[in-house]
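Visitor: I should like to understand the terms used for this model. Please explain how each term is justified.

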Amino acid sequence: MNATVFLVDTLFSLYLMVVILRLWLQMVQADFYNPLSQFVVKATHPIVGPLRRVIPSIGRFDTATFVLAVAVCALKLITLGLMFGGNLNPIGIAILSVMGVIKETLSLMFWVLLLRAILSWVSQGRSPVDYVLHQLTEPFLAPIRRVIPPLGGLDLSVLIAIIALQFLQLLIQDFVPM
């Protein structure tokens, strides 16, 4: 049973991260001709496309993609709940789904920051993935750099952002059992 739970949890979490990545790419207006962006769009468009006809965007915020993220998180909770024979409370699932999306967003931000830091040592900004990672992370790294500029060529903004993300994850960890 543990292997099945692991597989179900992992598959839902990976797709949820792709959906959140689509929302994030749209929020920062990233290059959608980039191969990574194209993968994200192609993996989510079969569901987001029809949802957009029903759920309009609010400004630059793609409401349909956010609804899909919450729905994927709710399906994950329902599936895991049914596997354990738990009680399914619709209001509880709705609240936990929104909190789960927030938790997964923070987790995705952590991994993107970590990947960007590792690629900065290796690729020197020549990779298309590195360019998209730069577009994704720069909106919240730039304000940190204004307060704490690079010290002797060492940019501490990524480290400070990762510490802040870990702090936020610990704050909401008690509310989301996922």
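Guide: Let us begin with surface patches. A patch is made of residues with over 30% relative accessible area and no salt bridge, and nonpolar side chains are joined within 5 Å. In this predicted model, Phe6, Leu7 and Leu11 form such a nonpolar patch on the surface. Together they have about 340 Å² of accessible area. Of these residues, Leu7 lies in helix 1.

Visitor: What elements make up the protein chain, and in which order do they run?

Guide: The protein chain has 6 helices and 0 strands. From the N terminus on, the order is α-α-α-α-α-α. Along the principal axes, the C-alpha atoms fill a box of roughly 55 × 35 × 30 Å.

Visitor: How does one describe two packed helices?

Guide: Two values serve: the angle between the axes and the distance between the axes.

Visitor: Why are helix 1 and helix 4 called roughly perpendicular?

Guide: Helix 1 (residues 2-27) and helix 4 (residues 90-122) pack at an angle of about 80°, and their axes are 10 Å apart. The term roughly perpendicular applies from 65 to 115 degrees. The two helices are therefore roughly perpendicular to each other. Their contact has 10 nonpolar, 3 polar and 1 charged residues. Among the residues that meet are Leu16, Ile20 and Trp24 in helix 1 and Glu104, Leu108 and Trp111 in helix 4.

Visitor: What makes helix 1 roughly perpendicular to helix 2?

Guide: The axes of helix 1 and helix 2 (residues 35-54) cross at roughly 90° and come within 9 Å. Because the range for this term is 65 to 115 degrees, helix 1 is roughly perpendicular to helix 2. The contact includes Tyr15, Arg22 and Leu25 of helix 1, and Phe39, His45 and Arg52 of helix 2. By class, 11 nonpolar, 4 polar and 2 charged residues take part.

Visitor: Why, then, are helix 1 and helix 3 called roughly antiparallel?

Guide: The axes of helix 1 and helix 3 (residues 63-84) cross at roughly 170° and come within 9 Å. Angles over 145 degrees count as roughly antiparallel, and the pair is therefore given that name. The residues of this contact divide into 17 nonpolar, 5 polar and 3 charged.

Visitor: How do you know that Arg52 forms a salt bridge with Asp62?

Guide: The criterion is a side-chain nitrogen of Lys or Arg within 4 Å of a carboxyl oxygen of Asp or Glu. For Arg52 and Asp62, the closest N and O atoms are 2.7 Å apart, so the pair meets the criterion. Arg52 lies in helix 2 and Asp62 in the loop between helix 2 and helix 3, so the pair ties together parts that are 10 residues apart in sequence. The whole structure holds 5 salt bridges.

Key: Residues numbered from 1 in each chain as written. Predicted model: local features only at pLDDT ≥ 70, side-chain atom pairs only at ≥ 80, totals over all residues. Heavy atoms only, no water. Axes fitted to C-alpha atoms, helices over the stretch in contact; angles between N-to-C directions. Helix = DSSP H or I, 4+ residues; strand = E, 2+ residues; numbered from the N terminus. Parallel < 35°, antiparallel > 145°, perpendicular 65-115°, else oblique. Contact = heavy atoms within 4.5 Å. Nonpolar A, V, L, I, M, F, W, Y, C, P; charged D, E, K, R; others polar. Patch = residues over 30% accessible without salt bridge, like charges linked within 9 Å, V, L, I, M, F, W, Y side chains within 5 Å. Areas by Shrake-Rupley, 256 points an atom, 1.4 Å probe, with all protein chains shown as cover.
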